[in-house]
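Here is a short report on the empty spaces, ring contacts and one annotated span of a protein model. The sequence and structure come first.

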Amino acid sequence: MNLSAKVVEILSPEELRRTVTRLASQIIERTRDLSQLALLGIYTRGVPLAELLARQIEVLEGISVLVGALDITLYRDDLDQISLRTPAKTHIPFDLTGKTVVLVDDVIFKGRTIRAALNAVHEYGRPEVIRLAVLVDRGHREVPIHPDFTGKQLPTAKEEIVKVYLQNLDGRDAVELIAD
């Protein structure tokens, strides 16, 4: 990060908590049968977000929902353009067939991560429906993908960076916008 970069807090810890609660409520409202709900977090920060959403759904409804972790690295269409990291381990210990699957990610930008996630999901069954929940939608889509559940719409310039911090990964909760 450039030392002269401007950092603006978009969501404080309390605002992030309220946003997760609102997203969980929206998922509950749009899910016909919560016993068939499966949240799939996309590595890296989508995984703890999915876990937070699952805990909040349990608080609100008293129902434990399935949670899995999805690594989309090998499904990306730009492997030749990115530095290949060691893939995280996808962990979906249940069949997705007939389930209402909600893909969970921290930030949606161009949409390519979600396109890759849609390809990956079908290796684990045939869901009844697949929806998308994101903490921040920053625009600039390159593919026709739109989240069903959005915590915060944040118009950005392409060169700006949206950084999500989560307590269990980063030691704090926040969302920041970083501009040079």
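Helices (H or I, at least four residues) and strands (E, at least two) are DSSP runs, numbered from the N terminus. The model is predicted: local features need pLDDT of at least 70, side-chain atom pairs count only at pLDDT 80 or more, and totals for chains, interfaces and linings use all residues. Residues are numbered from 1 along each chain as its sequence is written, and side-chain values use heavy atoms, with hydrogens and water left out.

**Pocket and cavity**

Both kinds of space are found on a 1 Å grid over the protein atoms alone. In a cavity, a 1.4 Å probe fits but cannot get out; a pocket is an open set with protein on both sides within 12 Å along at least five of seven lines. Lining residues have an atom within 4 Å of a point. Grid points are joined across faces, edges and corners, and a volume is the space filled by probe spheres set on the points.

The second largest pocket has a volume of about 200 Å³. It is lined by 13 residues, and L16, V20, L52, R55 and D173 are the closest to its centre. Two or more lining residues come from each of α1 (13-30), α2 (46-61) and α4 (167-170). α1 gives the largest share, five residues.

The whole structure holds one cavity of 30 Å³ or more. The largest cavity has about 50 Å³ of space. Its lining is V20, L23, L49, L53, V104, D105, A133, V134 and L135. At least two of these residues come from each of α1, α2, β4 (100-108) and β5 (129-137). β5 supplies the largest share, three residues.

In the table, Ala, Val, Leu, Ile, Met, Phe, Trp, Tyr, Cys and Pro count as nonpolar, Asp, Glu, Lys and Arg as charged, and the others, Gly among them, as polar.

| Lining | Nonpolar | Polar | Charged |
|---|---|---|---|
| Second largest pocket | six residues | four residues | three residues |
| Largest cavity | eight residues | no residues | one residue |

**Charges over rings**

A charge sits over a ring if NZ of Lys or CZ of Arg is within 6 Å of the ring centre and within 35 degrees of the ring normal. The charged end of R138 lies over the F109 ring, 3.9 Å from its centre. R172 places its charged end over the ring of Y165, 3.8 Å from the centre.

**An annotated span**

UniProt lists residues 101-113 as "short sequence motif: PRPP-binding", in an unreviewed entry. Such annotations may be inferred rather than shown by experiment. In the model, the end C-alpha atoms of residues 101-113 are 16 Å apart, and the span is 15% helix and 62% strand.
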